[in-house]
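Biologist: Let us go through this model and test the labels. I will ask for the reasons behind them.

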Amino acid sequence: MSRTIKLCKIKKHVQNGNLEINDKVVREEPLSIIIDGSPYSILMRTPGDEEDLVLGFLYSEGVVKSPEEIDFIHYCSKEKEKNTVVVGLKKIGRASCRERV
């Protein structure tokens, strides 16, 4: 079974009543975004490509104008920090990109 699909018991309506079966459903999980040590946002998403998702989200929110403004981006896979992406923004001149937030 992939990371994005899980099996769930469902009740399927059939002509003679209801039938309980296992069905595949898309998994949805929260993703916490931490920028320069501060919580920024929580997204609901289908697991996979977390770093690309966060990069696109930060671009669409106007936090960054290009990938070059990102110092690092890291998906935390440890159980304690699961579903968290930590982002560090580069300093531009004297100001950080974080000041746009």
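Modeller: One cut-off before we start: contact means heavy atoms within 4.5 Å. The model is predicted. By that contact rule, the buried residues of helix 1 pack against strand 3 (29–35), strand 4 (38–45), strand 5 (70–76) and strand 6 (84–89).

Biologist: Which residues of helix 1 are buried?

Modeller: Helix 1 spans residues 50–60, and E50, V54, F57 and L58 are buried there. Buried means under 20% relative accessible area.

Biologist: What makes you say that the buried residues line one face of helix 1?

Modeller: Look down the helix axis. The buried residues fall within an arc of 95 degrees, so they line one face. D52, Y59 and S60 are exposed, on the face turned away from the buried side. After the helix comes G62, with a positive phi near 80 degrees.

Biologist: What does V54 touch?

Modeller: Leaving out residues up to four places away in sequence, V54 touches L31, I33, I73, V85 and V87. V54 also belongs to the largest nonpolar core, which has 14 residues. Those with the most contacts inside that core are I33, I35, V54, L58, V87 and L89. Strand 3, helix 1, strand 5 and strand 6 each give two or more residues to this core.

Biologist: Why is C76 called buried, and C8 partly exposed?

Modeller: Set each value against the 20% cut-off. C76 has 8% relative accessibility, so it counts as buried. C8 has 23%, so it counts as partly exposed.

Biologist: How many disulfides does a search of the whole structure find?

Modeller: Zero. A pair of cysteine sulfur atoms would have to lie within 2.5 Å to count.

Biologist: What makes the phi of D36 and of D49 worth a remark?

Modeller: Most residues other than glycine have a negative phi. D36 is not a glycine, yet its phi is positive, about 50 degrees. D49 is not a glycine either, and its phi is near 55 degrees.

Biologist: Where do D36 and D49 lie?

Modeller: D36 is in the loop between strand 3 and strand 4. D49 is in the loop between strand 4 and helix 1.

Biologist: Why is D49 called exposed, and D36 partly exposed?

Modeller: Exposed means over 50%. D49 has a relative accessible area of 61%, so D49 is exposed. D36 stands at 37%, between the two cut-offs, so D36 counts as partly exposed.

Definitions and conventions: Residues numbered from 1 in each chain as written. Predicted model: local features only at pLDDT ≥ 70, side-chain atom pairs only at ≥ 80, totals over all residues. Heavy atoms only, no water. Buried < 20%, exposed > 50% of the residue type's maximum accessible area, 1.4 Å probe, protein only. Helix = DSSP H or I, 4+ residues; strand = E, 2+ residues; numbered from the N terminus. Arc of directions from axis to C-beta. Core = buried A, V, L, I, M, F, W, Y, C linked by side-chain atoms within 4.5 Å.
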